[in-house]
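Here's a quick briefing to read with the structure open beside you. Let's start inside and work outwards.

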Amino acid sequence: YTQYDTTYTQYDTTYTQYATDTVTPVLGGTVRLYVQRSFFDDYLIALVSTFPFDRNGTSGILTVTEQSARRLTIKINGKITNGKGKVISALDIIDSWTNLVREQPAEGFALFRQVEGLREFIDGREAVIRGLVATDQNTIQFRLLQPDPDIVDRLSTGRLLGQALKTGSYYEESKGADGRVFLSNKSRETGSGYLDKLILRQGGDVNPILSFSLKKYDAIELYAISDLSYARSNLAKNSKLALFGRDRYFISFNVKEPKARHYLSSLVNSQEILSDFVKAEGECIASIETGDTGVALIPPGAMHPGLTQPVKVLFCKDDQISKIIAEKLIADFSRGNIPCNLSACTIQEYEKTLVNRNFGCAVGWVPDDVMNAKSEKIRLATMWFSDILDEKVRMDMFMQLPLFSVNRYLLLKTNVEIPSNSIQNLYINAE
């Protein structure tokens with residue numbers, strides 16, 4: 001892996017140069033982007049979402065005006081117009097949250113953890129989330145079942161104001177056979193997209209590198225070592241690679257007995273999964289939330305627990321790496337005489353299963369923001385680890401097993417730039 005690290009350093013310096021104000025992005029043009037997952041993942045969300053509150057001198061759309069043990073009041077800051085020219089109301093925001101919880105129950109659960117009626121809504125027993133109330137055009141009140149000291153940190157993420165509101169750098173204009181069309185949001189005072197148009201295709205291309213060579217796309221996402229080395233050796237003349245994210249993969253164990261979780265952990269070899277099966281550029285991690293690298297150490301003395309129920313191995317089938325990990329886990333558990341079965345789910349089914357805790361072990365991943373953003377740590381704990389925020393506790397109880405981080409690259413046409421390695425900053429350099 002050392003050999004790859006030198007390449008990163010080289011890319012990282014280019015980012016730093018972009019991050020300063022020496023480069024003025026050119027406005028306009030269209031970029032056709034191909035990504036591998038068919039849902040909006042952590043990196044794509046940045047295209048269409050808005051950070052809710054004030055930060056680094058930029059004013060947010062929302063302000064917390066009142067907070068008590070079981071109430072939180074949030075106001076919309078003045079008149080907020082979206083990309084379509086519509087003025088956003090408190091009801092629009094609550095509608096977008098209701099849809100988010102419906103489509104991605106675990107994401108919604110992580111944001112609105114203690115809100116009254118959330119569980120009933122997720123389980124289909126109630127038609128609305130009764131703890132989210134618009135008290136007037138511009139005011140939203142959260143009513144909580146029990147105090148949530150982390151609520152403001154929990155909500156401090158772009159996921160809170162997502163695609164449905166059309167207030168991000170880009171907003172979705174249409175959906176067609178060739179992909180989804182996003183337009184730059186000119187209603188924003190700052191931070192509208194540099195491109196006029198971004199055409200996004202999510203999954204379904206069996207050979208994206210060939211399509212890229214045939215000029216069907218201007219940028220494609222890659223992570224497999226074979227694809228990256230092909231691009232580096234054969235496509236360097238008319239294209240370049242830029243690292244735009246790192247996903248941190250892990251296993252969440254939800255089997256009751258600690259002894260069983262210990263034994264299952266001892267059967268997993270993260271180094272082997274990464275180098276021989278996933279074959280992606282990355283490195284083993286000893287922790288999800290810190291930069292500790294290397295294989296996570298499992299204390300010796302694991303004993304076969306004599307499980308009677310098969311272990312359900314849950315994964316999101318829309319993520320190729322999760323699929324490879326889950327299939328390898330089945331082989332490893334079977335070799336360790338553990339009865340198990342594979343549960344391949346769409347993102348919506350996967351998240352619903354996480355919320356209901358109806359799995360023996362789940363393959364998950366988070367973006368590397370988890371190492372510094374409090375909201376990401378809370379999301380990780382809520383979605384996969386029954387709200388246990390302390391990573392050491394999760395490790396000691398054999399609930400969590402860190403696997404590896406995987407580097408995600410964009411292969412870009414020479415004239416497409418990606419400042420501070422963020423997809424929403426894509427622009428076309430006319431020179």
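Helix 13 has plenty packed around it: the cover over its buried residues includes helix 4 (105–111), helix 6 (151–155), strand 10 (239–253), helix 12 (347–356), strand 14 (361–367) and helix 14 (391–396). Keep in mind that this is a predicted model. The helix itself runs over residues 374–384, and 10 of its 11 residues are buried, so call it mostly covered, with under 20% relative accessible area as the bar for buried.

**Helix 13 and what follows**
- The buried set in helix 13 is Ser-375, Glu-376, Lys-377, Ile-378, Arg-379, Leu-380, Ala-381, Thr-382, Met-383 and Trp-384.
- Charged names such as Glu-376, Lys-377 and Arg-379 are on that buried list, along with Ile-378 and Leu-380.
- As a reminder, residues three or four places apart in an α-helix point the same way, because there are 3.6 residues a turn.
- Just past the end of helix 13, Ser-386 has a positive phi of about 45°.

**Helix 9**
- Helix 9 covers residues 258–266, and its buried residues are Ala-260, Arg-261, His-262, Tyr-263, Leu-264 and Ser-265.
- Among the elements covering those buried residues are strand 10, strand 12, helix 11 (320–335) and strand 15 (400–413).
- Strand 10 turns up in the cover of helix 13 and also in the cover of helix 9.

**Two lysines with positive phi**
- Most residues other than glycine have a negative phi, which is the background for the next few points.
- Lys-215 isn't a glycine, yet its phi is near 65°.
- You'll find Lys-215 in the loop between helix 7 (208–213) and strand 9 (219–222).
- Lys-215 has a relative accessible area of 60%, so it counts as exposed, the cut-off being over 50%.
- Lys-279 is another non-glycine with a positive phi, this one about 50°.
- The loop holding Lys-279 links helix 10 (270–278) to strand 11.
- Is Lys-279 exposed or partly exposed? Its relative accessibility is 47%, so it counts as partly exposed.

**Around Thr-290**
- Thr-290 sits in the loop between strand 11 (282–284) and strand 12 (311–316).
- With a relative accessible area of 34%, Thr-290 lands in the partly exposed class.
- Which residues does Thr-290 touch, leaving aside neighbours within four places in sequence? They are Arg-248, Met-371 and Glu-391.
- There's also a side-chain link to Asp-292: a polar contact of 3.2 Å joins the two.
- Thr-24, by contrast, is 266 residues from Thr-290 in sequence and 34 Å from it in space, C-alpha to C-alpha.

**The whole chain**
- Count 14 helices and 17 strands in the protein chain.
- A compact globule of 431 residues would have a radius of gyration near 22 Å, and the protein chain agrees because its own value is 22 Å.
- The C-alpha trace spans about 60 × 60 × 40 Å along its principal axes.
- Of the 431 residues, 53% are buried.
- Take contacts between residues at least 6 apart in sequence: 71% of them join residues at least 24 apart.
- Accessible surface totals about 18900 Å², with 51% of that belonging to carbon and sulfur atoms.
- On charge, there are 49 positive and 51 negative, and their mean positions are 4 Å apart.

Definitions and conventions:
Residues are numbered from 1 along each chain as its sequence is written. This is a predicted model: local features need pLDDT of at least 70, side-chain atom pairs count only at pLDDT 80 or more; totals for chains, interfaces and linings use all residues. Side-chain values use heavy atoms; hydrogens and water are left out. Helices (H or I, at least four residues) and strands (E, at least two) are DSSP runs, numbered from the N terminus. Buried means under 20% relative accessible area, exposed over 50%, partly exposed in between (1.4 Å probe, protein chains only). Contact means heavy atoms within 4.5 Å. A polar contact is a pair of N or O atoms within 3.5 Å; within protein, one must be able to donate a hydrogen and the other to accept it, and residues adjacent in sequence count only if both atoms are side-chain atoms. The radius of gyration is taken over C-alpha atoms; the globule rule is 2.2 Å times the number of residues to the power 0.38. Accessible areas come from the Shrake-Rupley method with a 1.4 Å probe; for residues, only the protein chains shown count as cover. Lys and Arg count as positive and Asp and Glu as negative; His and the chain ends are not counted. The place of a charge is taken as NZ of Lys, CZ of Arg, CG of Asp or CD of Glu.
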